[in-house]
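Visitor: I am new to this structure, and I would like to understand the reason behind each word that you use. Could you show it to me before we begin?

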There are 2 protein chains.
Amino acid sequence: MALAHAILTALVDEELSGYDLAKRFDASLGHFWKASHQQIYKELSKLEQRALVAARVIEQQARPDRIVYSVTEAGLAHLRDWAGAPAKPAPVKEDLLVMCHALGLVPAETLRTQMMKRNAYARERMEMLQRLEAKLFPDPAALKGRALGQYLSLRGGVRYERLWIDWTEECCALLEARRKS
Amino acid sequence: MALAHAILTALVDEELSGYDLAKRFDASLGHFWKASHQQIYKELSKLEQRALVAARVIEQQARPDRIVYSVTEAGLAHLRDWAGAPAKPAPVKEDLLVMCHALGLVPAETLRTQMMKRNAYARERMEMLQRLEAKLFPDPAALKGRALGQYLSLRGGVRYERLWIDWTEECCALLEARRKS
DNA sequence: GATCTATATGCAATAAGTTGCATATAGATC
DNA sequence: GATCTATATGCAACTTATTGCATATAGATC
């Protein structure tokens, strides 16, 4: 249920609409948590039912009215409880790992192509995150509070992409060596 | 839908029952793909309906009959198609990254405790995977076919755990430094 | 004698996430 | 004039995954 918590966290600083949240998830938060707008709207209704967020309608002409949400006291308490409860580590779930196991049935060349694509993707994302890091957090030692947390998660993202870059390269090297021999 | 493919891959080498698969997922395959027995049984029925696997009943007394499955020609073709199609990179989905964003609302000490637990967990898993690696693949350069694929995925697992070990330590260090100042 | 573990299957309910569709308008580009 | 993009919300159907329950027996441990 971490989507609910990601939303609550985002709403702490500012009132946001579902649409705003969806954009936010595409940008900063979304570096490490994906959600479609449908899912966000659904989750917001559920959070409102549980009184963890409060809704407020802002009327607009020419555009549909905005419904902005803010965190309630109960929502804050809920967030704190969640942070104290044991977090369960995420399982891996990377298709390429399953594909590796299928090597032998599947041509090595196919796998190598997949690896190279994955590599390019991770490389692009890592560079994007690093640019963000350099821009937003030039002096990590001075950070505190919210900013420190955001920095740490960004670091996690960078490391995550680094992992796939290194691993796909290791795989390509070994597959290549195999091909030659 | 990679669960279906993970199952197909596992069934290529040997006929297995749902129960066997569940154990397999707890052991080798499961190092990088989790599935409960309920999910596996359900997926097997679906695969059988699509004729990608064939079922065979082995009668037993004293215990429930076993239903063992093997991959059909169509199943193999399906696996190969899947391997050729672009694999989508898995999003991160690690609760601790969301928790980082909640820093400031949530005490730094709580976060540090979570980080240390995550660290211990990753450390344990990495060591287990490394023992497996040393035992099963003492000479990586000589590997080919299925074995090479299994080695590569194991390497991915090791790197994955390494990532969380390093990251949680970076986080603890920074949180600690913050506390002192 | 009672509980625990392993074997072996599965249903039902719920939660989480994806895909496709629907509506409605302003402003910018082709 | 026609299409595209951005704004803003949401329903419906479906797939994927989790949680809890149910059944049934052999053998081992307490």
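Guide: Let us start with a term: when copies are superposed here, the fit is made by least squares on the C-alpha atoms of residues with pLDDT of at least 70 in both. This is a predicted model, in which local features need pLDDT of at least 70 and side-chain atom pairs count only at pLDDT 80 or more, while totals for chains, interfaces and linings use all residues. Residues are numbered from 1 along each chain as its sequence is written, and chains are lettered from A and ligands numbered from 1 in the order in which they are written.

Visitor: Why are the two copies said to be related as by a two-fold rotation axis?

Guide: Laying chain B on chain A takes a turn of 180° and a shift of 0.0 Å along the axis, and the fit has an RMSD of 0.1 Å. The two copies are therefore related as by a two-fold rotation axis. In chain B, the C-alpha nearest to that axis belongs to B:L163, at 3.4 Å from it.

Visitor: What makes residues of chain B and chain A count as being in contact?

Guide: Two residues are in contact if their C-beta atoms, placed from the backbone, lie within 7 Å, and by that test 60 residues of chain B are in contact with 60 residues of chain A. Among the helices of chain B that each supply at least two residues to this side are α1 (2–13), α4 (73–84) and α6 (108–136), whereas α7(B) gives the most, with 19 residues. Sorted by class (Ala, Val, Leu, Ile, Met, Phe, Trp, Tyr, Cys and Pro are nonpolar, Asp, Glu, Lys and Arg charged, and the others, Gly among them, polar), the residues on this side of chain B are 32 nonpolar, 13 polar and 15 charged.

Visitor: Why can one say that the copies meet through the same surface?

Guide: Of the interface residues of chain B, 100% are also interface residues in chain A, so the copies meet through the same surface.

Visitor: What makes β1, β3 and β2 of chain A an open sheet?

Guide: Strands (E, at least two residues) and helices (H or I, at least four) are DSSP runs, numbered from the N terminus, and two strands pair if DSSP finds at least two bridges between them. Strand β1 (residues 16–17) of chain A has two bridges to β3(A), with A:L16 opposite A:Y69, and strand β2 (residues 53–58) of chain A has six bridges to β3(A), with A:I58 opposite A:R66. The three strands thus form an open sheet in the order β1-β3-β2, with antiparallel pairing.

Visitor: What makes β1 and β2 of chain A edge strands, and which helix packs on the sheet?

Guide: Each of β1 and β2 of chain A pairs on one side only. Helix α1 (residues 2–13) of chain A packs on the sheet, touching β1, β2 and β3 of chain A, and its direction makes about 95° with that of β3(A), where axes are lines fitted to C-alpha atoms, for helices over the stretch in contact, and angles run from 0 to 180 degrees between N-to-C directions.

Visitor: Which strands pair in chain B?

Guide: In chain B, two bridges join β1 to β3, antiparallel, and B:L16 has B:Y69 as its bridge partner. Strands β2 and β3 of chain B pair over six bridges, again antiparallel, with B:R56 opposite B:V68.

Visitor: Why is A:A108 called partly exposed?

Guide: A residue is buried if 20 or more other C-beta atoms lie within 10 Å of its own, exposed if 12 or fewer, and partly exposed in between. A:A108 has 18 within that distance, and therefore it is partly exposed. A:A108 lies in helix α6 (residues 108–136) of chain A, and its contacts, leaving out residues up to four places away in sequence, are A:L103, A:L175, A:R178 and A:R179.

Visitor: What makes a residue count as near a DNA strand?

Guide: Its C-beta atom, placed from the backbone, must lie within 6 Å of the strand. There are 19 residues around DNA strand D, of which A:S17, A:Y19, A:Q38, B:M1 and B:A62 come nearest, and α3(A) supplies the largest share of that surface, three residues. Around DNA strand C there are 18 residues, and A:M1, A:A62, B:S17, B:Y19 and B:Q38 come nearest, while α3(B) gives the most to that surface, with three residues.
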